[in-house]
Amino acid sequence: MQPVPYHHVAIATGNRHVHVAGQVARGADGSPLAPGDLTGQVAHALRGTATALRAAGAGFADVVRLTFYVTDWTPDKIGPFTAGVEQVAEELGLPRPLPPASLIGVDHLFEPDVLVEVEATAVLD
């Protein structure tokens with residue numbers, strides 16, 4: 001089996017759980033960002049996730065679980081998907097490897113232009 005870019009298990013201690021609802025590629029005014037661009041939407045969704053985590057006093061170092069929902073998933077999309085993660089890894093301080101993660105292919109999300117949605121769970125002391 002090939003190594004994967006995320007941990008298979010996370011053990012968390014702490015008494016504050018932070019659950020970040022699905023973040024998508026939208027500007028502060030709700031306008032779509034990176035339309036039709038999976039790489040760009042992954043990057044923007046992760047930026048939104050970072051903003052939400054910061055608002056709760058957390059960061060990606062505190063994340064114990066990531067879930068990605070990607071529309072019309074096919075294995076050939078792994079390159080653009082991974083490129084989106086790489087694009088913001090240093091900027092957002094994404095740990096390497098990532099925390100345990102799932103990538104789930106879905107038919108569609110809440111709006112037709114949304115290609116990816118990211119959920120995060122963090123645990124704080």
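**Figure 1. Aromatic pairing in the predicted model, with a close-up of F68 and F81**. In this predicted model, rings were taken as paired if their centres lie within 6.5 Å, and by this rule the count comes to two aromatic pairs. The view shows the pair formed by F68 and F81, whose arrangement is edge-to-face, with 5.0 Å from centre to centre and 85° between the planes. This pair links distant parts of the chain, since F68 belongs to strand β2 and F81 to helix α2, and the two residues are 13 residues apart.

**Figure 2. The largest pocket and its lining**. The largest pocket has a volume of about 260 Å³, and its lining is made up of 14 residues, of which P5, Y6, I78, F81 and L103 lie nearest the centre. The elements that contribute two or more residues to this lining are α2 (78–92) and β3 (101–106), and the largest share, five residues, comes from α2. Sorted by class, the lining consists of 10 nonpolar, two polar and two charged residues. F81, which is among the residues nearest the centre of the largest pocket, is also the partner of F68 in the edge-to-face pair.

**Figure 3. The four-stranded open sheet**. The strands are arranged in the order β1-β4-β2-β3, and their pairing is mixed. Because β1 (16–23) and β3 stand at the edges, each with a single partner strand, one side of each is left without a neighbour in the sheet. From one strand to the next, the twist averages 10°.

**Figure 4. The pairing of β1 with β4, and the helix that lies across these strands**. Strand β4 (residues 116–124) pairs with β1 in the antiparallel sense over six bridges, and within this part of the sheet H17 stands opposite V123 in β4. Helix α1 (residues 38–55) lies across β1, β2 (63–71) and β4, and it runs at about 30° to β4.

**Figure 5. Backbone geometry at P97 and A34**. Most residues other than glycine have a negative phi, and most peptide bonds are trans. The peptide bond that joins R96 and P97, however, is cis, with omega about -10°, and P97 has its place in the loop between α2 and β3. At A34, a residue other than glycine, phi takes a positive value near 55°; this residue lies in the loop between β1 and α1.

Methods:
Residues are numbered from 1 along each chain as its sequence is written. This is a predicted model: local features need pLDDT of at least 70, side-chain atom pairs count only at pLDDT 80 or more; totals for chains, interfaces and linings use all residues. Side-chain values use heavy atoms; hydrogens and water are left out. On a 1 Å grid over the protein atoms alone, a cavity is a set of points where a 1.4 Å probe fits but cannot get out, and a pocket is an open set with protein on both sides within 12 Å along at least five of seven lines; lining residues have an atom within 4 Å of a point. Grid points are joined across faces, edges and corners, and a volume is the space filled by probe spheres set on the points. Ala, Val, Leu, Ile, Met, Phe, Trp, Tyr, Cys and Pro count as nonpolar, Asp, Glu, Lys and Arg as charged, and the others, Gly among them, as polar. Two strands pair if DSSP finds at least two bridges between them. Axes are lines fitted to C-alpha atoms, for helices over the stretch in contact, and angles run from 0 to 180 degrees between N-to-C directions. Contact means heavy atoms within 4.5 Å. Rings of Phe, Tyr and Trp (its six-membered ring) pair if their centres lie within 6.5 Å; planes under 30 degrees apart count as stacked, over 60 as edge-to-face and the rest as tilted.
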